Amino acid sequence: MIQAMALESEGRQLDHATLIAGIRAVFEKPALGTYWLMLDAEKPIGCTLITVEWSDWHNSAYWWIQSLFIHPDYRGRDWFQRLMNHLELEAKQQGVCEIRLYVERNNARAIRAYDKAGFETERYLCMTKTL
């Protein structure tokens, strides 16, 4: 699912071995994040990774949504909103102050879904430096 998400959202072909090692790392070091898997009759249909960033300003955590993917056959059928509702409830119960995410600028479908789920465009510009 994560490879499909990268290809669909950013046109990127991920190296399979690197991806598998990255997924394993989360399970071996739970502080790195938490995977959430969506099932329909035991069939995986979606997933996301939540990573945590500490905010000294709020004395609370931000949750970052990573690698969110809903299988195309299940889109437009309320699965995304169910996932968002569940994550928001869990975050509130854990004292998280904000849920954040990155979205590819040209991914209009994802942007509409996030807008509909109550996300707002932030005033910050994301900058990166590849190492």
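Tyr-62 has Glu-98 of strand E4 as its bridge partner. This is a predicted model, in which local features need pLDDT of at least 70, side-chain atom pairs count only at pLDDT 80 or more, and totals for chains, interfaces and linings use all residues. Residues are numbered from 1 along each chain as its sequence is written, and side-chain values use heavy atoms, with hydrogens and water left out.

**Strand E3 and its partners**

Helices (H or I, at least four residues) and strands (E, at least two) are DSSP runs, numbered from the N terminus. Two strands pair if DSSP finds at least two bridges between them. E3 and E4 (residues 98-101) pair in the parallel sense over 4 bridges. E2 and E3 run antiparallel, joined by 9 bridges. Ile-50 stands opposite Ile-65 in E3. E2 and E3 form a hairpin, with 4 residues between them.

E3, helix H3 (residues 79-93) and E4 make a right-handed β-α-β unit. Right-handed means that, with the strands pointing away from the viewer, the path from the first strand over the helix to the second runs clockwise.

Why is E3 largely enclosed by the rest of the structure? Of its 11 residues, 9 are buried. Buried means under 20% relative accessible area, exposed over 50%, and partly exposed in between (1.4 Å probe, protein chains only).

**Thr-48**

Thr-48 is found in strand E2. At 1% relative accessibility, Thr-48 is buried. A polar atom of its side chain lies 2.9 Å from the backbone oxygen of Gln-66. Leaving aside neighbours within four places in sequence, Thr-48 is in contact (heavy atoms within 4.5 Å) with residues including Trp-36, Ile-65, Leu-83 and Leu-87.

**Helix H1**

In H1 (residues 2-10), Ile-2, Met-5, Ala-6 and Ser-9 are buried. They cover an arc of only 95° around the axis, so they sit on the same side of H1. The arc is that of the directions from the helix axis to the C-beta atoms. An α-helix has 3.6 residues a turn, so residues three or four places apart point the same way. The buried residues of H1 pack against helix H2 (16-28), E1, E2 and E3.

**Positive phi values**

| Residue | Phi | Place |
|---|---|---|
| Gly-11 | near 65° | follows H1 |
| Glu-42 | near 70° | loop between E1 (34-40) and E2 (43-55) |
| Asn-59 | about 50° | turn of the E2 and E3 hairpin |
| Ser-67 | near 50° | strand E3 (residues 60-70) |

Glu-42 is exposed, at 68% relative accessibility. Ser-67 is partly exposed, with a relative accessible area of 23%.

How values were computed. A polar contact is a pair of N or O atoms within 3.5 Å; within protein, one must be able to donate a hydrogen and the other to accept it, and residues adjacent in sequence count only if both atoms are side-chain atoms.
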